[in-house]
Amino acid sequence: MTEVDIAVVGGGLAGLTAALHAARLGRSCVAFTGDVAGGLLLSIESIEGLPGHPDGTPGYDLLPMTQDDAMDAGAQLLPETATALERDGSTWIVRGAAETLRARCVVLAPGARLRTLGVPGEAEFAGRGVSHCASCDAPLLRGKPVAVVGGGDASCQEALTLAMHASQVHLLVRGAALRARDAWRERVAAQPKIVVHTQTTLEAIVGDTGVRSVRVTGPSGARELAVDGVFVYAGLVPATEFVAGVAPLDADTRIVVDAALRSPLPGLLAAGGARAGSDGQAAGAAGDGATAAATAHR
């Protein structure tokens, strides 16, 4: 069993930033990053709101650079997923498939995963027209119609990415209006290829060797839209199952912490999208990582 000052659980922007700052503060630090470090932001075409990047920066550039910075600072990154957390006296034990750490402090930054719809055809056509990565798959759908499910910032951003390639983008929104910030709503409204369908629910994804259409219900009743791709951005689910019963979770299964990102349990902190009250923005995740490392160091 390896003993460290600070263990980090998570390989997204919050986790990598926590590992970076913990190492810079002179603490021994090991992070469970999962199979591929980077998290959901790795597939984002343009991450906005970060200082020094007025036009945004691709996640596939930012996250690998942050990973390199953390390793250069002296943090050790383990390419595996943490599977269990337990208290042992005044320390914490974090278990993975191959590695087990004993740490004085643990920063939980497991992030979140995209919520699935659970509709017919979603699992069947995964990788054959159903996707969660516009920057990855948009070039494959050049000149073809596609659908995006969701009404928040991510769905608008991905719809705009797809509009650079697709012939038309149907943005399917369950509510009466988009929930995204004003800047994203304005960009969507200014893009003629994007058609916003409010009060519309996707009922099924239809196809043969690949996606051919979606069945939806809306104000005008049931209908079918011809599309060759479906991109699902219907919210996030915190990846906190492995700490259920150990860490304090709120009604949305996010980790409860105070302003310094400390949980009620000594030595246990949380950062990023898995913590209660997170704004879900990249700048906030990076700030969380730095704050959690500083709190753990103190």
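Modeller: Let us start with a term: a disulfide is a pair of cysteine sulfur atoms within 2.5 Å. Bear in mind that this is a predicted model, where local features need pLDDT of at least 70 and side-chain atom pairs count only at pLDDT 80 or more, while totals for chains, interfaces and linings use all residues. Residues are numbered from 1 along each chain as its sequence is written, and side-chain values use heavy atoms, with hydrogens and water left out.

Colleague: Thanks! How many disulfides does a search of the whole structure find?

Modeller: One disulfide turns up in that search.

Colleague: What makes Cys-133 and Cys-136 a disulfide?

Modeller: Their sulfur atoms are 2.0 Å apart, and the cut-off is within 2.5 Å, so the pair qualifies.

Colleague: Is that disulfide right-handed or left-handed, and why?

Modeller: The torsion about the S-S bond of Cys-133 and Cys-136 is about 65°, so the disulfide is right-handed.

Colleague: Why is Cys-133 called buried?

Modeller: Buried means under 20% relative accessible area, exposed means over 50%, and partly exposed lies in between (1.4 Å probe, protein chains only). Cys-133 has 8%, so it counts as buried. Its partner Cys-136 has 47%, so that residue is partly exposed.

Colleague: How do you know that Cys-105 has no bond to Cys-29?

Modeller: The closest cysteine sulfur to that of Cys-105 is in Cys-29, and it is 11 Å away, so it is too far for a bond. Cys-105 has a relative accessible area of 14%, so it is buried.

Colleague: And what about the sulfur of Cys-156?

Modeller: For Cys-156 the closest cysteine sulfur is in Cys-133, at 17 Å, which is also too far for a bond. Cys-156 is buried as well, because its relative accessibility is 0%.

Colleague: Let us turn to the loops. Where is Leu-265 found?

Modeller: Leu-265 is in the loop between strand E16 (236-238) and strand E17 (268-270). Helices (H or I, at least four residues) and strands (E, at least two) are DSSP runs, numbered from the N terminus.

Colleague: What makes Leu-265 partly exposed?

Modeller: Its relative accessibility is 29%, so Leu-265 falls in the partly exposed class. Leaving out residues up to four places away in sequence, Leu-265 touches Trp-92, Val-246, Ala-247 and Pro-248, where contact means heavy atoms within 4.5 Å.

Colleague: Which residues in that loop have a positive phi without being glycine?

Modeller: Thr-253 and Leu-261 both sit in the loop between E16 and E17. Phi is near 60° for Thr-253 and about 70° for Leu-261.

Colleague: Is Leu-261 buried or exposed, and why?

Modeller: At 4% relative accessible area, Leu-261 is buried. Thr-253, with 34%, is partly exposed.

Colleague: Now the whole chain: how many helices and strands does it have?

Modeller: There are six helices and 17 strands. The radius of gyration is 20 Å, close to the 19 Å that the globule rule gives for 298 residues, so the chain is as compact as a globular protein of that length. That radius is taken over C-alpha atoms, and the rule is 2.2 Å times the number of residues to the power 0.38.

Colleague: What does the C-alpha trace span along its principal axes?

Modeller: About 60 × 40 × 35 Å. Of the 298 residues, 48% count as buried.
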